[in-house]
Amino acid sequence: MIELTQQIVNGLSLGSIYALIAVGLTLIFGIARVGNFAHGDYMMVAAYAFILMLADYAVALPLAIVGAVLIGGALAFVSERAVFRRLYTAPGTTSFTAALGLSTAIQAAVIVALSGSPRQLTSEWTFSVLEFGPIRLSGHRAMAIGGSIAALAALGAFLKAGKFGKAIRAVAQQVEAAQMVGIPIGRIRLITMVLTGLLAGWAAVLIAPIFGAMPVMGVLLTLKGMAIVITGGLGSIGGALVGAYVLGVSEALVAGYVSQDYQHALAFLLLAGVLLVRPGGIFGEGTVAMELRR
Amino acid sequence: MTKSRTAAILLTLLGLAIPGLIGTGHAGNIGVVALIFVMLGVSFNLIFGMTGYLALTHAASFGIGAYVAALGATRAGWGFSLDLVAAGLLAGLVGLLTGMLAFRRVRGFPFAIVTLGLTITMWIVADHWMPVTRGPMGIYGIERPSILPEWFPGSVGYFYLGVLITGGIILLCWFVASSDTGRVLRGIRENEGLLSALGIDTYRYKLNVYVLASALAGITGAYYAHYLTVVSPDVFWLYWITIPLVIVHVAGLGRFWAVIGVAVGLSVVPEYLRASQAYQQLLFGVALVAVVTLLPDGIGGWWAKRQRSLQ
């Protein structure tokens, strides 16, 4: 029982990270019909930057956090301006292919620049372990849960209340109508992408103390994130949240009770399973064709 | 025959003769890599270039073929030919199962993710299934086929063996692409809904070409395994996932001969950037982004437009 609770608690911290990634991905998809495969790589670069700033350049912690978050946003900004902006009207999976190329290039650039070595934060940055009775929760994992919930809550408030938030939701629901009432969709798309980039940078700050940084971490996270997003229904934030935590806890349970090696494949097995039953995702439409608009 | 077609044929014959003329194992190596790129490009073009379905399991089929050949050669004592056949069969079978799930349920972006997910799952399995795949250490000791004549040194003989295999694959794909089936496949990319409404069972066409492409990629993987004599989980990773994509996009989706030309052209990259696979990956990644944003019809499409406008 204790073991089970421990695994679930671990899974919650994992799910919190997944949630940040998945919500970002589903937001971009809702706004621009772009499956941004490079999203996890923004996080990867930000994680490396965060660790390098703290470990190699003795940057103060608050500054390093802000730096990492901004780097995530900057990468998203450049991607949108240079690449995705030209591909909004391109057919089908073109933007996804471009994102795939972008992801490959970013990973390779990091490997070339840093000789590909993974980095970990040294123990001086490790927080104490919290203990709730027999359940142990490392400070970093607790922060991951708390930090993620805080960021997502802020995002939710922004989307519900502000002018930009309303505009974003409008563009996600009906692009033509949003255009007709004068919402500048180009700018909204850029802002949304930068927002998700900032979110990715924040995820990097939360994840770096737990897992460190390595060049391939982005790919696995993005792919799982996309599996979550499709399972939960493309464009559905609620679906992304639920899917993220379900996957996080499931992975922790599989790692604990079945096999630590194959836990990463779980996301894709779940995806295949869900698609067999509900092709549109759990919270999406139940129909077959998920046609991308031209 | 037109002048340009004669020139193309002469160039091809010359290109095929060069490794034999130079006679070094090095020349043979370059040739072998070029053949592998051609085989991957042509088979990927069959599914992605023609139907437009981003079936990212091509690397999975390639890797399955490589591992089947590796295991067959080192554990079961199979010969080269049996390896190739078994690789093709198993890759095709996996393709059949995947296709039956994927084509019935999703298309577009979710389809790409499902197929990509499968490929990465293969990578995870290959990386951890120690008793069979030996994990990251990989399988080594896969020998070159003994049927090679002794005339050519090193890889050159293997190159000419590969020419036969590649020739067969090109012929097969050309036959499919130029047949009525090919027209249906192209139609699927243009407007699948319309074809469905006309009563054509697009699911069957998609599945068939996908199984064929997967089988061919599997055979390519077996050829690769016997060339490298080592197989590791890397066959399932981004490098081999991106290469067919880059080839087909740079050539232009569906442009049959351009794909062959571009594949040969791009195969010099692994040779010149042999020092670092990271540099290769960087180049291919940037090339993919550049081609998709700036030259979406590829070189083949650009050439065709130019021909038309000159008339």
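I searched the whole structure, a predicted model, for aromatic pairs and found 23 over all chains, where rings of Phe, Tyr and Trp (its six-membered ring) pair if their centres lie within 6.5 Å, and planes under 30 degrees apart count as stacked, over 60 as edge-to-face and the rest as tilted. In this model, local features need pLDDT of at least 70 and side-chain atom pairs count only at pLDDT 80 or more, while totals for chains, interfaces and linings use all residues. Residues are numbered from 1 along each chain as its sequence is written, chains are lettered from A in the order in which they are written, and side-chain values use heavy atoms, with hydrogens and water left out.

I looked up B:Phe103 and B:Tyr210, whose ring centres are 5.4 Å apart with planes at 85 degrees, so the pair is edge-to-face. B:Phe103 lies in helix α4 (residues 80-105) of chain B and B:Tyr210 in helix α9 (residues 202-228) of chain B, so the pair ties together parts 107 residues apart in sequence; helices here are DSSP runs (H or I, at least four residues) and strands likewise (E, at least two). B:Phe103 is buried at 6% relative accessible area, and B:Tyr210 is buried at 3% (buried means under 20%, exposed over 50%, partly exposed in between, with a 1.4 Å probe and protein chains only).

I then noted B:Trp123 and B:Trp237, a tilted pair at 4.4 Å centre to centre with 35 degrees between the planes. B:Trp123 is buried at 17%, and B:Trp237 is buried at 10%.

I also recorded one aromatic cluster formed by B:Phe37, B:Phe62, B:Tyr224, B:Tyr239, B:Trp240 and B:Phe284.
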